[in-house]
Amino acid sequence: MRPGVVAIAVVPDPRVGTSLWELYEISLACAVFGIPQPDLADPWYELRMCGESGDAGVFSVRADHELDGLVGADTVIVPSVPDAVVEDGEEVSAELVEALRAAADSGARMVSLCTGAFALAAAGLLDGRRATAHWQHTAQLAARHPKVVVDDSVLYTDEGSVLTSAGATAALDLCLHLVRRDLGADVAGQLARRLVVPAHRAGGQAQFIEAPLPPTDDDSLGPVLQWATERLNEPLTVEELARRARMSPRTFHRKLQEFCGTTPLQWLLQQRIARAQTLLERSDLPVERIGEQCGLGSAANLRRHFARSVGVSPTAYRRAFRPSGPPSTDR
């Protein structure tokens, strides 16, 4: 698949320039989409910076296109809006709103990172859709845009043509999710390793932990989770994982919920689906064998869980990421 043009909307505050937090989220998107990775996919994305150039202390952001450069891009990313929009209730600039609407009308996939959701909402692109932002700002987002279904608990949302994320590292999770959608789980996983981050944190994972694990040098979950990922073809149970972690099933369930923001069964399913994606991309195995290799059993069971999680059938996924590969036996 051709990854296409990614246009980043640069929206500095005319009074103070680009803040360091805004610079951070712009940099995340640039690191994922702006650095060619020819050994992973060739061509890589084409990056386009659109908007106004702005300074952040000794740093500067240079935009090489006006905001009308958003139109014609395959993906448009709004990393942030000025603090005054979020904190003081100022309006998103009419120029940006118009450019976002025009980009969406031209067929672009619209993406926000953190407070960029305020811009998509102002353009009416989030009406009736689930959306998120950093949990510190979701109350303001919901109050100002009641037509938006704001979810303050998740890392990111994927509504197909419109995606939103929480702030900080959740923005990187969403960027890698986009690579996974465009180029497959294998490419996204290799890129994540280069960035030294987890290959896949599901969008539904919690933004933050109310009762974090106490500080400790003892990683009680890491070894057992690694052990499990190496044996996904086996019929693993929560009781077995808890026993290997030397915990009761109830304690294991609680600690994994705190550590990963998900239940043990849901975590296992996520790992099995990720394994199935890799096998569909890398191997010629029929779907029946892939179901066995990733621990989902029958082909029918794999198809059901895969379609629910990924949004397409295993056949469609393989066709998208191995267009020249052999015919699949998934019918």
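**Entry 1: A term, then the overview**

Before I start, one term for the hairpin I look up below: I call two strands paired if DSSP finds at least two bridges between them. I also remind myself that this is a predicted model.

I began with the whole protein chain and found 14 helices and ten strands. Of its 331 residues, 50% count as buried. I then looked at contacts between residues at least 6 apart in sequence, and 64% of them join residues at least 24 apart.

**Entry 2: The first strands**

I looked at how β1 (5-10) pairs with β2, which covers residues 46-51. The two run parallel and are joined by six bridges. Reading across, I found A7 opposite R48 in β2. I followed the chain from β1 through α1 to β2, and this β-α-β crossover is right-handed.

**Entry 3: The largest nonpolar core**

Which residues of the largest nonpolar core touch the most other members? I noted F33, W44, I77, L113 and V179, out of 35 residues in this core. Next I checked where its members come from: β1, α1 (20-33), β6 (109-113), α6 (169-183) and α7 (185-195) each supply at least two. The largest share is from α6, with nine residues.

I picked I77 for a closer look. Setting aside neighbours within four places in sequence, I77 is in contact with V6, A7, I8, A9, A29, F33, V111 and L113. So that I do not mix things up, I also wrote down that another core lies apart from this one, since a core is a set of residues joined through side-chain atoms within 4.5 Å. That other core has 34 residues, including V81, L96, A99 and A121.

**Entry 4: Strand β10 and its partners**

I turned to β10, residues 162-165, to see which way its side chains point. V162 and T164 point one way, L163 and S165 the other, and all are buried. This fits a rule I like to keep at hand: in a regular strand the side chains alternate between the two faces of the sheet.

I found two partners for β10. With β6 it runs parallel, joined by four bridges, and L113 stands opposite S165. That is the L113 I had listed among the core residues with the most contacts to other members. With β9, residues 156-158, β10 runs antiparallel through three bridges, and here D158 stands opposite L163.

Between β9 and β10 the hairpin has three residues, and one of them caught my eye: G160 takes a positive phi near 90°.

**Entry 5: E159 in the hairpin loop**

Is E159, in the loop between β9 and β10, buried or exposed? Neither, as it turns out: E159 is partly exposed, because its relative accessible area is 32%. Beyond residues within four places in sequence, E159 is in contact with R129 and R130. I also took a distance: the C-alpha atoms of E159 and L126 are 9.4 Å apart, with 33 residues separating the two along the chain.

**Entry 6: V148**

V148 sits in the loop between α5 (138-144) and β8 (149-150). Its relative accessibility is 6%, so V148 counts as buried. Leaving out neighbours within four places, I listed contacts with A121, L126, D127, R129 and A131. Here A121 belongs to the core of 34 residues from Entry 3, and R129 is a contact of E159 too.

**Entry 7: Helix α7**

In α7 I found A185, D186, V187, A188, G189, L191 and A192 buried. What do the buried residues of α7 pack against? I noted α1, α6, α11 and α14 (314-321). Just after the helix, V196 takes a positive phi of about 55°.

**Entry 8: S283**

I found S283 in the loop between α11 (264-282) and α12 (287-293). S283 is buried, because its relative accessible area is 16%, under the 20% cut-off. A polar atom of its side chain lies 3.3 Å from the backbone nitrogen of L285. Not counting residues up to four places away, S283 touches T278, I290, R318 and R322.

**Entry 9: Cysteines**

How many disulfides does a search of the whole structure find? It finds zero. I tried C30 to see why: its sulfur is 9.4 Å from the closest cysteine sulfur, in C175, so the two are too far for a bond. I also looked at C50, which is buried, with a relative accessible area of 0%.

Conventions. Residues are numbered from 1 along each chain as its sequence is written. This is a predicted model: local features need pLDDT of at least 70, side-chain atom pairs count only at pLDDT 80 or more; totals for chains, interfaces and linings use all residues. Side-chain values use heavy atoms; hydrogens and water are left out. Buried means under 20% relative accessible area, exposed over 50%, partly exposed in between (1.4 Å probe, protein chains only). Contact means heavy atoms within 4.5 Å. A disulfide is a pair of cysteine sulfur atoms within 2.5 Å. A crossover is right-handed if, with the strands pointing away from the viewer, the path from the first strand over the helix to the second runs clockwise. A polar contact is a pair of N or O atoms within 3.5 Å; within protein, one must be able to donate a hydrogen and the other to accept it, and residues adjacent in sequence count only if both atoms are side-chain atoms.
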